[in-house]
Amino acid sequence: MAYKAPVRDLTFILSEVLEIDRYTNQPGFQDVSSELAQQILEEAGRFAEEVIAPINNPGDKEGCHWAEGGVVTTPEGWKEAYHQMVEAGWPSLMMDPAYGGQGMPSVIGSAVGQFTAGASAAFSMYPGLTAGAWAGIHANASEEIKQKYLPKMSTGEWTGTMNLTEPHCGTDLGMVRTKAVPNGDGSYSITGQKIWISAGEHDFADNIIHTVLARVEGAVPGIKGLSLFVVPKFLVNEDGSAGERNTLECAGLEHKMGIHGNATAVMQYDGAKGWLIGEEGRGMNNMFVVMNEARLGTGLQGLAIGAAAYQAAVEFAQDRLQGRSLTGPKNPDGPADPIIVHPDVRRMLLEARAFVEGGQAFILWTALQADLEKSEDEAVATRARDYMGLLTPVLKAYLTDKGFHVASLAMQVHGGSGYTEHFPASQYLRDARITMIYEGTNGIQALDLVGRKLPAQGGRAIMSWFAEIDAFVAENGQDENLKPFVDGLADAKKKLQDGTMWMMQNGMANPDNAGAASTDYLNIFGITALAYMWAQMAKVAQAQVDGGSTDPFYANKLMTGRYFVERILPDAGAHLAKLKTGADVLMAMPADQF
């Protein structure tokens, strides 16, 4: 099975649904047009298909190699593919032109990112982690540090990482023990161990720039005592070249269920030289720039793996001959019919497709909000900022849940063949599973949504979100062809509003109620978000059909959307019913009775 980048789907969203040509008055869009976007996506799709996808499965089988002294070698052909990526300029696509980037909007970069992650999730993590570290330095570091590191990180010549987790703490970062001692010259000595560091060591680049969360000696306990540091693998000379080796190394690699081609490192810092990013004690605030970037990237990754798995399942279902159609043979000259004739196989494929295509739109719609945060119109920027805060945990958790679900459906379509390593279904399932865990487990995302994002600014973001959906429903409610989509969206929004009111009334009275309801609430939110995306896509596709278009793309988009409305939207009701049961049944059993 050869991966095919979904160029048409994403150009449809960018050009026809989001209408990016409308944003030429916004920062970063002055030189961007739908024609340019299509050209970029076509080239990026070709690169993903021809350079990245062929190394995905061999890299999964070979994995990364660790040797004494902390030397890590990536799978055969991966270093060469990465160097081709750098030479083609792909890592610099979204980076600030002030530091050697091309300055493309996030919405374009997120489209390209879906191709890279779909072609190889493990490979995509190397430039992905670099982009996250770059963002943290760009947002918070001194100009001196930016000038020293960002230009070569922009091009991808140097890569980056984020170092948070330690053996004794993952989610609870207030327990971080890694220590930073001032050297008296503006630098600090960093000592400690970090685990699960994606792309922590490899043979792609001349330098790896680690962003490390540590506690300055004498700082207060807990979160407020943490600071963020830039700690390069090689110290940087005055001329900008990599110089003396810093006192840090990869102490080993994790043996994982999936993403074998990515080096998940144990990093040991022994008095390594580092420099403060921002102010002391603001480490978590500064790291959240990196983490939010990573959370959006993880949602994208999970969904992109699902998209690739769906493609593989369709190809298998069209080729695999088993049984006869319930309504009579469809392949009378063959010994059996292809399994795509069977209703339950079609159910799995349509469910996968509905999540994939709805999720692709959700990713790009949210990425556009990241671009609009930079708007000079304060009202536009504020709303976009509110949406980014509110929707980041939803996008990360919901799309990784559904990406894994799609990968599982794809394996089921493959049957016994999918459970073997002769077909790609197994790798997609294994690779997708981590996306629900790292960058904050999906349960943590749900708690973040209900505990922090909903009440922020007195609930301003959710009220704005509801108002936007109400306006869409009012504007399009009289169109008979769109009625299923608009009514479905209105019903999902009503259930989300109902769940929000229940959370406000019951979550404050008993915080366990909020915790118990949080995952179901996030699921209603995710369903509503995809319902809004499908309603927007249906509006555009229906207009094309009404205008006489015979392109099957638009008719297929409407059929897939109808599946979402009829077969997936009703799940919101079940989640609302479960949400309202509260915490009693969850908290009643004594811990020692589990």
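**Warm-up.** Is A2 buried or exposed?

*Solution.* Start with the cut-offs: buried means under 20% relative accessible area, exposed means over 50%, and partly exposed is in between (1.4 Å probe, protein chains only). A2 has a relative accessible area of 61%, so A2 is exposed. Next, place the residue: A2 lies in the segment before α1 (7-17). Helices (H or I, at least four residues) and strands (E, at least two) are DSSP runs, numbered from the N terminus. Finally, the C-alpha atoms of A2 and F472 are separated by 39 Å, with their positions 470 residues apart along the chain.

Before you go on, note that this is a predicted model, in which local features need pLDDT of at least 70 and side-chain atom pairs count only at pLDDT 80 or more, while totals for chains, interfaces and linings use all residues. Residues are numbered from 1 along each chain as its sequence is written, and side-chain values use heavy atoms, with hydrogens and water left out.

**Exercise 1.** Find the strands that pair with β6, and give the sense of each pairing.

*Solution.* Two strands pair if DSSP finds at least two bridges between them.
- Step one: strand β3 (residues 159-163) runs parallel to β6 over five bridges, and N163 stands opposite V212 in β6.
- Step two: strand β4 (residues 179-182) is also parallel to β6, over two bridges; here A180 faces V216 of β6.
- Step three: strand β7 (residues 226-232) pairs with β6 in the antiparallel sense over seven bridges, with A214 opposite S227 in β7.
- Step four: check the cover of β6 (residues 208-216), where nine of nine residues are buried.

**Exercise 2.** Work out how D337 and R324 meet, and how exposed each one is.

*Solution.* A salt bridge is a side-chain nitrogen of Lys or Arg within 4 Å of a carboxyl oxygen of Asp or Glu. The side chains of D337 and R324 satisfy this at 3.0 Å, N to O. Both residues sit in the loop between α7 and α8 (343-372), 13 residues apart. With 0% relative accessibility, D337 counts as buried, whereas R324, at 33%, counts as partly exposed.

**Exercise 3.** Why does the salt bridge of R383 and E468 tie together parts that are apart in sequence?

*Solution.* First the contact: the closest N and O atoms of R383 and E468 are 3.8 Å apart. Then the places: R383 belongs to helix α9 (residues 378-414) and E468 to helix α12 (residues 460-476), so the pair joins parts that are 85 residues apart in sequence. Last, the cover: R383 is partly exposed at 39% relative accessibility, and E468 is buried at 18%.

To put these pairs in context, the structure holds 26 salt bridges. Among the others, K453 and D448 meet at 2.9 Å, N to O, and both are buried. D9, R353, E357 and K557 are linked in a network of salt bridges.

**Exercise 4.** Describe the largest cavity and the second largest pocket.

*Solution.* On a 1 Å grid over the protein atoms alone, a cavity is a set of points where a 1.4 Å probe fits but cannot get out, and a pocket is an open set with protein on both sides within 12 Å along at least five of seven lines; lining residues have an atom within 4 Å of a point. Grid points are joined across faces, edges and corners, and a volume is the space filled by probe spheres set on the points.
- The largest cavity holds about 40 Å³ of space, and its lining is made up of A44, F47, I52, M85, W90, V112 and T116. Helix α2 gives the largest share of this lining, three residues.
- The second largest pocket holds about 960 Å³. Of its 35 lining residues, T165, I437, Y438, E439 and G440 are the closest to its centre.

**Exercise 5.** Which phi sign do W196 and I259 have, and where do they lie?

*Solution.* Most residues other than glycine have a negative phi. W196 has a positive phi of about 60° and lies in strand β5; its 53% relative accessibility makes W196 exposed. I259 also has a positive phi, of about 40°, and belongs to the loop between β10 (248-253) and β11 (264-277). At 3% relative accessibility, I259 is buried.
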